[in-house]
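Good morning, and thank you for making time for this presentation. Please bring up the sequence and the structure before we go through the contacts.

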Amino acid sequence: VKEQTGLPIISEIIDPRMIEEMAACVDIFQVGSRNMYNYPLLKELGAISKPVLLKRGFMATIDEFLGAAEYILSGGNSQVVLCERGIRSYDSSTRFCLDLNAIPVLRARTKLPIVVDPSHGTGVADYVTPMSLAAIAAGADGLLLEVHNDPSNALSDGAQALTVNDFDALTVKAR
């Protein structure tokens, strides 16, 4: 796909033994929420020269999130992007509680770029656009969005995926 489109590739990694093999194919390594505490992985990613998108663990405090980033940074890799993707709450109206408070708090405490994942944070496509706009207003540097040409037939994450038309409309509103 990369050769056909020229688009950079980001892929989630869960095992430090896969870094070398994946490095030949990916432009950015993603550390998912469940691996934010995988310190051997974080340390190994600190020793490479590729960007790392670090997603906040769904039960992580901001101090823990920044501590995880520090594992990567302390190895010499300064190319870390923080991703707020929602934290667990008692309410089941959405998948997670998208913690937009984290954006200004992180902004005050670090110079690392901050992106927000309202698709995973809400789990509901109808909420992705308003939360995306709120994230931008709060100071996010970027968004991580699920988009699918036919969300009802998506193999995964269809309930949170924007249609292509909804994505186009969001890009207009976000300007």
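Where is the place of T163? T163 sits in the loop between β6 and α8. Before I go further, please keep in mind that the model on the screen is predicted.

I stay with T163 for a moment. With a relative accessibility of 27%, T163 counts as partly exposed, because buried requires a value under 20% and exposed a value over 50%. Leaving aside residues up to four places away in sequence, T163 touches V147, H148 and P151. For P151, the separation along the chain is 12 residues, while the C-alpha atoms of T163 and P151 are 6.6 Å apart.

The loop between β6 and α8 (164–174) also holds D157. D157 is partly exposed as well, with a relative accessible area of 27%. Its backbone deserves a remark. Most residues other than glycine have a negative phi. D157 is not a glycine, yet its phi is positive, at about 60°.

Let me turn to the salt bridges. Side chains of opposite charge can pair when their charged atoms come close. How many salt bridges does the count come to? The count comes to 7 salt bridges, and I shall discuss some of them.

One of them joins the side chains of D15 and R17, with 2.5 Å from N to O. Are the partners buried or exposed? D15 is buried, its relative accessible area being 19%, whereas R17 is exposed, at 72%. The cut-off matters for this statement: D15 counts as buried because its 19% falls under the limit of 20%.

Another salt bridge is formed by the side chains of R56 and E84, at 2.8 Å from N to O. R56 lies in the loop between β3 (52–55) and α4 (62–73), and E84 in strand β4 (residues 80–84), so this pair ties together parts that are 28 residues apart in sequence. Both R56 and E84 are buried.

R56 also forms a salt bridge with D99, and here the closest N and O atoms are 2.9 Å apart. D99 is located in the loop between β4 and α5 (102–109), so its pairing with R56, from the loop between β3 and α4, ties together parts that are 43 residues apart in sequence. D99 and R56 are both buried. Taken together, R56, E84 and D99 are linked in a network of salt bridges.

Next to R56 in the sequence we have K55, which belongs to strand β3. K55 counts as buried, at 6% relative accessibility. Which residues does K55 touch, not counting those up to four places away in sequence? The list runs over Q30, V31, G32, S33, M36, F65, C83, R85, D117, H120 and L144.

I now come to the helices, beginning with α5. Its buried residues are A102, I103 and L106. Viewed down the axis of α5, these buried residues fall within an arc of 95°, so they line one face of the helix. The general background is that an α-helix has 3.6 residues a turn, so residues three or four places apart point the same way. As for what covers the buried residues of α5, the elements include α4, β4, β5 (114–116) and α7 (125–138).

One buried residue of α5, I103, is also touched by G139, and R107 is touched by G139 too, again not counting residues up to four places away in sequence. G139 is found in the loop between α7 and β6 (142–143), and at 27% relative accessibility G139 counts as partly exposed. The C-alpha atoms of G139 and V116 are 10.0 Å apart in space, with the two positions 23 residues apart in sequence numbering.

Finally, how do α3 and α4 pack? Helix α3 (residues 39–46) packs with α4 at an angle of about 45°, their axes being 6 Å apart. The two helices are therefore oblique to each other. On the α3 side the contact involves Y39, L42, K43, L45 and G46, which meet A68, Y71 and I72 of α4. Sorted by class, this contact has 6 nonpolar, 1 polar and 1 charged residues. The charged residue is K43 and the polar one is G46, because Gly is counted among the polar residues.

That concludes the presentation, and I would welcome your questions.

How values were computed:
Residues are numbered from 1 along each chain as its sequence is written. This is a predicted model: local features need pLDDT of at least 70, side-chain atom pairs count only at pLDDT 80 or more; totals for chains, interfaces and linings use all residues. Side-chain values use heavy atoms; hydrogens and water are left out. A salt bridge is a side-chain nitrogen of Lys or Arg within 4 Å of a carboxyl oxygen of Asp or Glu. Buried means under 20% relative accessible area, exposed over 50%, partly exposed in between (1.4 Å probe, protein chains only). Helices (H or I, at least four residues) and strands (E, at least two) are DSSP runs, numbered from the N terminus. The arc is that of the directions from the helix axis to the C-beta atoms. Contact means heavy atoms within 4.5 Å. Axes are lines fitted to C-alpha atoms, for helices over the stretch in contact, and angles run from 0 to 180 degrees between N-to-C directions. Angles under 35 degrees count as roughly parallel, over 145 as roughly antiparallel, 65 to 115 as roughly perpendicular and the rest as oblique.
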